[in-house]
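This report describes the fold and some local features of one protein chain, and it is meant to be read beside the sequence and the structure.

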Amino acid sequence: MTYETGQALPPLERRIGLADMIAYAGATWDWYRLHYDPEFVARQRLPAPVVDGQVFGALLVEQIQDWLGPRCFVHKLDFSFKALVFAEETVRCEGTVTEVGDDYLVLEQRVVVVGPDGGVDRVAAGPAHARVLLGTPDGPGATPGATPGATPGEAGAR
């Protein structure tokens, strides 16, 4: 596949329900009540539980991997939080290629909250910057004959 500077990434859109947030809290062992307890949240004068910010990083990586497939490795990712996202809202990850190298891409992304009309209501996270290495399913720069998941000194170990 050929990549070009300015090329848009296919968007990733996801509605984040309260059940999703409870499952995420369990998977990450992050039981801060702001993310799942409507009564606690009401006492904080917020409209609904707040989506854990780590979710945005996971969605940005999912967007990249959905687009590029198993032959990519997200080497670096950084982003800034801009606004709260609440349970039952829909977010969309958007992105653009900003640099193309022989074996890597640099991307700029953001996460937006989708309004009732399908447009951008507010930016939840961004800008996000990702450096993605392109290579083999075992990861770019993998040592030939290395066992997937082995540390560098364990090449070929079984």
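## Val74 and its surroundings

With a relative accessibility of 17%, Val74 counts as buried, because the limit for that class is under 20%. The model discussed here is a predicted one. Val74 is found in strand 2, and, when residues up to four places away in sequence are not counted, Val74 touches Val61, Ile64, Arg131 and Val132. Among these contacts, Arg131 is 57 residues from Val74 along the chain, and yet the C-alpha atoms of the two residues are separated by 6.1 Å.

Arg131 also takes part in an arrangement with an aromatic ring, since Arg131 lies over the face of Tyr104 at 3.9 Å from the ring centre.

## The sheet

Five strands form an open sheet in the order 1-3-4-5-2, and the pairing is antiparallel. Strand 1 and strand 2 stand at the edges with a single partner strand each, so that one side of each is left without a neighbour in the sheet. From one strand to the next, the twist averages 25°. Helix 3 packs on this sheet, where it touches strand 1, strand 2, strand 3, strand 4 and strand 5, and the direction of helix 3 makes about 145° with that of strand 2.

Two of the pairings can be followed residue by residue. Strand 1, residues 12-16, and strand 3, residues 89-100, are paired in the antiparallel sense over five bridges, and within this pairing Arg14 stands opposite Val91 in strand 3. Strand 3 in turn pairs with strand 4, residues 104-114, again in the antiparallel sense, over nine bridges. Here Gly95 has Gln109 in strand 4 as its bridge partner, while Thr96 stands opposite Glu108 in strand 4. The connection from strand 3 to strand 4 is a hairpin that runs through three residues.

## Helix 3

Helix 3 comprises 15 residues, 54-68, which at 1.5 Å a residue should span 21 Å; the C-alpha atoms at its ends are 22 Å apart, which agrees with that expectation. Just after helix 3, Gly69 takes a positive phi of about 80°.

The buried residues of helix 3 are Val55, Phe56, Gly57, Leu59, Leu60, Gln63, Ile64, Trp67 and Leu68. What covers these buried residues includes strand 1, helix 1 (18-28), strand 2 (72-81), strand 3, strand 4 and strand 5 (120-134). Ile64, one of the buried residues of helix 3, is also one of the residues that Val74 touches.

## Aromatic pairs

A search of the whole structure finds five aromatic pairs. One of them is formed by Tyr3 and Trp67, whose ring centres are 5.5 Å apart and whose planes stand at 80°, so the pair is edge-to-face. Because Tyr3 lies in the segment before strand 1 and Trp67 lies in helix 3, this pair ties together parts that are 64 residues apart in sequence. Both Tyr3 and Trp67 are buried.

The rings of Phe56 and Phe81 have their centres 6.2 Å apart and their planes at 55°, so that this pair is tilted. The pair links distant parts of the chain, with Phe56 in helix 3 and Phe81 in strand 2, 25 residues apart. The two partners fall on opposite sides of the accessibility scale: Phe56 is buried, with a relative accessible area of 2%, whereas Phe81 counts as exposed at 53% relative accessibility. Ring pairs link Phe56, Phe79 and Phe81 into a cluster.

## Backbone features

The peptide bond from Gly126 to Pro127 is cis, with omega near -5°, and Pro127 is found in strand 5.

Two residues have a positive phi although neither is a glycine. For Arg45 the value is about 65°; Arg45 is found in the loop between helix 2 (38-43) and helix 3, and at 80% relative accessibility it counts as exposed. For Glu88 the value is about 80°; the place of Glu88 is in the loop between strand 2 and strand 3, where Glu88 is partly exposed, with a relative accessible area of 38%.

Definitions and conventions:
Residues numbered from 1 in each chain as written. Predicted model: local features only at pLDDT ≥ 70, side-chain atom pairs only at ≥ 80, totals over all residues. Heavy atoms only, no water. Pairing = 2+ DSSP bridges. Helix = DSSP H or I, 4+ residues; strand = E, 2+ residues; numbered from the N terminus. Expected span 1.5 Å × (residues − 1). Buried < 20%, exposed > 50% of the residue type's maximum accessible area, 1.4 Å probe, protein only. Contact = heavy atoms within 4.5 Å. Axes fitted to C-alpha atoms, helices over the stretch in contact; angles between N-to-C directions. Phe/Tyr/Trp six-rings, centres within 6.5 Å; stacked < 30°, edge-to-face > 60°. Lys NZ or Arg CZ within 6 Å of the ring centre and 35° of its normal.
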